[in-house]
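Hi everyone, thanks for having me. Let's take a look at today's protein together.

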Amino acid sequence: NQPTRPDTTKRAAEQRSHAHPIQHDESGEIGKAYGASTTPHMFVIDPQGRLAYVGAPAERGASASALETALDELLAGKEVTVKETKNFGCSVKYGS
């Protein structure tokens with residue numbers, strides 16, 4: 001697979017009306033630092049710079065995702081109730 005380009009990431013975020021920032025990590029530096037092991041593997045950082053949620057973007061078969069709930073809770077100034085879910089997907093292949 002070809003790596004995703006920054007302009008592709010930006011266009012996808014705009015098409016999906018994402019209001020939150022998305023970090024494009026072409027070098028893999030950030031993914032390695034957080035231990036990203038699959039794609040997708042989501043990491044949400046709270047306004048204080050702390051890891052608030054890590055895991056899958058959505059649980060298989062779930063009507064509402066823990067990721068969406070975590071983002072909603074943070075935006076409402078609340079504590080994230082589900083901080084981690086099991087991630088799934090293809091393994092990340094970091095370049096050398």
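Let's begin with the outside: the protein chain exposes about 7,200 Å², and carbon and sulfur atoms supply 52% of that. Accessible areas here come from the Shrake-Rupley method with a 1.4 Å probe, and for residues, only the protein chains shown count as cover. Please keep in mind that this is a predicted model: local features need pLDDT of at least 70, side-chain atom pairs count only at pLDDT 80 or more, and totals for chains, interfaces and linings use all residues. Residues are numbered from 1 along each chain as its sequence is written, and side-chain values use heavy atoms, leaving out hydrogens and water.

How many of the 96 residues count as buried? The share is 24%, where buried means under 20% relative accessible area, exposed over 50%, and partly exposed in between (1.4 Å probe, protein chains only).

Now the fold. The protein chain has three helices and four strands, in the order α-α-β-β-β-α-β from the N terminus. These are DSSP runs, numbered from the N terminus: helices are H or I with at least four residues, strands E with at least two. Among contacts (heavy atoms within 4.5 Å) with a separation of 6 or more, 47% join residues 24 or more positions apart.

Next, a nice detail to find on your screen. In the loop between β1 (38-39) and β2 (42-45) sits P40, and the peptide bond from T39 to P40 is cis, with omega near 5°.

Finally, look at Y34 in helix α2 (residues 29-34). Y34 has a relative accessible area of 39%, so Y34 counts as partly exposed. Thanks for listening!
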